[in-house]
Amino acid sequence: LKTAIKNLEGLEREEIKARDSHELMKAHEAKSMVTTALMILKASLLREESRGTHHRVDFPQRDDLHWKRWLYHKKAEERTEFWTETKDGAKNALGEF
């Protein structure tokens, strides 16, 4: 996961170049896919458990005590902020990437 994040962060920083508006649209679509993939990978790295289709070899068990909650993330400038919320609305900041 860490290697994939590092590789995609390099792609995300690349300047968009296009010869025409069609290429520019395609380049922006590709950049959005990279941003989405980065957010998913970072969230996967933070979730230290296996749940549903999310399986981690280093955390093979489900952990309801710490992870039965929603994981949120928000892109802010060059960083991604992460936090969790329980069903009763209690928030817990997880930090930034």
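Here are some notes on this predicted model, going through a helix pair, an aromatic pair and a few single residues.

1. **How the first two helices pack.** Helix α1 covers residues 2–13 and helix α2 covers residues 21–46. Their axes lie 10 Å apart, at an angle of about 155 degrees. Angles over 145 degrees count as roughly antiparallel, so that is the description that fits α1 and α2. The crossing of these two helices is left-handed.

2. **What sits between them.** From α1, the residues in contact are Lys2, Ala4, Ile5, Leu8, Glu9, Leu11 and Glu12. On the α2 side they meet Lys31, Val34, Thr35, Ala37, Leu38, Leu41, Lys42 and Leu45. Sorted by class, this contact has nine nonpolar residues, five charged ones and one polar one.

3. **A lysine to look at: Lys42.** This residue belongs to helix α2 and is one of those that meet α1. Is Lys42 buried or exposed? Its relative accessible area is 2%, and under 20% counts as buried, so Lys42 is buried. Leaving aside residues up to four places away in sequence, Lys42 touches Ile5, Glu9, Thr80, Phe82 and Phe97. Of these partners, Ile5 and Glu9 are in α1. Phe97 is 55 residues from Lys42 along the chain, yet their C-alpha atoms are separated by 7.5 Å.

4. **The aromatic pair.** How many aromatic pairs does a search of the whole structure find? There is one, formed by Tyr72 and Trp83. The ring centres are 5.6 Å apart and the planes differ by 15 degrees, a stacked arrangement. Tyr72 is in strand β1 (residues 70–76) and Trp83 is in strand β2 (residues 79–85), so to speak linking distant parts of the chain, with their positions 11 residues apart in sequence. Both partners are partly exposed: the relative accessible area is 32% for Tyr72 and 22% for Trp83.

5. **His73, the next residue along in β1.** His73 also lies in strand β1. With a relative accessible area of 33%, this histidine is partly exposed. Its contacts, not counting residues up to four places away in sequence, are Met39, Ala43, Thr80, Glu81, Phe82 and Trp83. Trp83 in that list is a member of the aromatic pair, while Thr80 and Phe82 also touch Lys42. Ser50 is 23 residues from His73 in sequence and 19 Å away in space, C-alpha to C-alpha.

6. **Arg51 in the loop.** Where is Arg51 found? This arginine lies in the loop between α2 and α3, the latter being residues 64–67. Its relative accessibility of 22% counts as partly exposed. Setting aside residues up to four places away in sequence, Arg51 touches Arg62, Asp63, Asp64, Trp67 and Lys68. Tyr72 of the aromatic pair is 21 residues from Arg51 in sequence and 16 Å from it in space, C-alpha to C-alpha.

7. **His66 in the third helix.** Helix α3 holds His66, which is partly exposed at 47% relative accessibility. Compare its position with that of Ala76: the two are 10 residues apart along the chain, and their C-alpha atoms are separated by 25 Å.

Technical notes:
Residues are numbered from 1 along each chain as its sequence is written. This is a predicted model: local features need pLDDT of at least 70, side-chain atom pairs count only at pLDDT 80 or more; totals for chains, interfaces and linings use all residues. Side-chain values use heavy atoms; hydrogens and water are left out. Axes are lines fitted to C-alpha atoms, for helices over the stretch in contact, and angles run from 0 to 180 degrees between N-to-C directions. Helices (H or I, at least four residues) and strands (E, at least two) are DSSP runs, numbered from the N terminus. Angles under 35 degrees count as roughly parallel, over 145 as roughly antiparallel, 65 to 115 as roughly perpendicular and the rest as oblique. A crossing is left-handed if the near helix is turned anticlockwise from the far one by less than a right angle, and right-handed if clockwise. Contact means heavy atoms within 4.5 Å. Ala, Val, Leu, Ile, Met, Phe, Trp, Tyr, Cys and Pro count as nonpolar, Asp, Glu, Lys and Arg as charged, and the others, Gly among them, as polar. Rings of Phe, Tyr and Trp (its six-membered ring) pair if their centres lie within 6.5 Å; planes under 30 degrees apart count as stacked, over 60 as edge-to-face and the rest as tilted. Buried means under 20% relative accessible area, exposed over 50%, partly exposed in between (1.4 Å probe, protein chains only).
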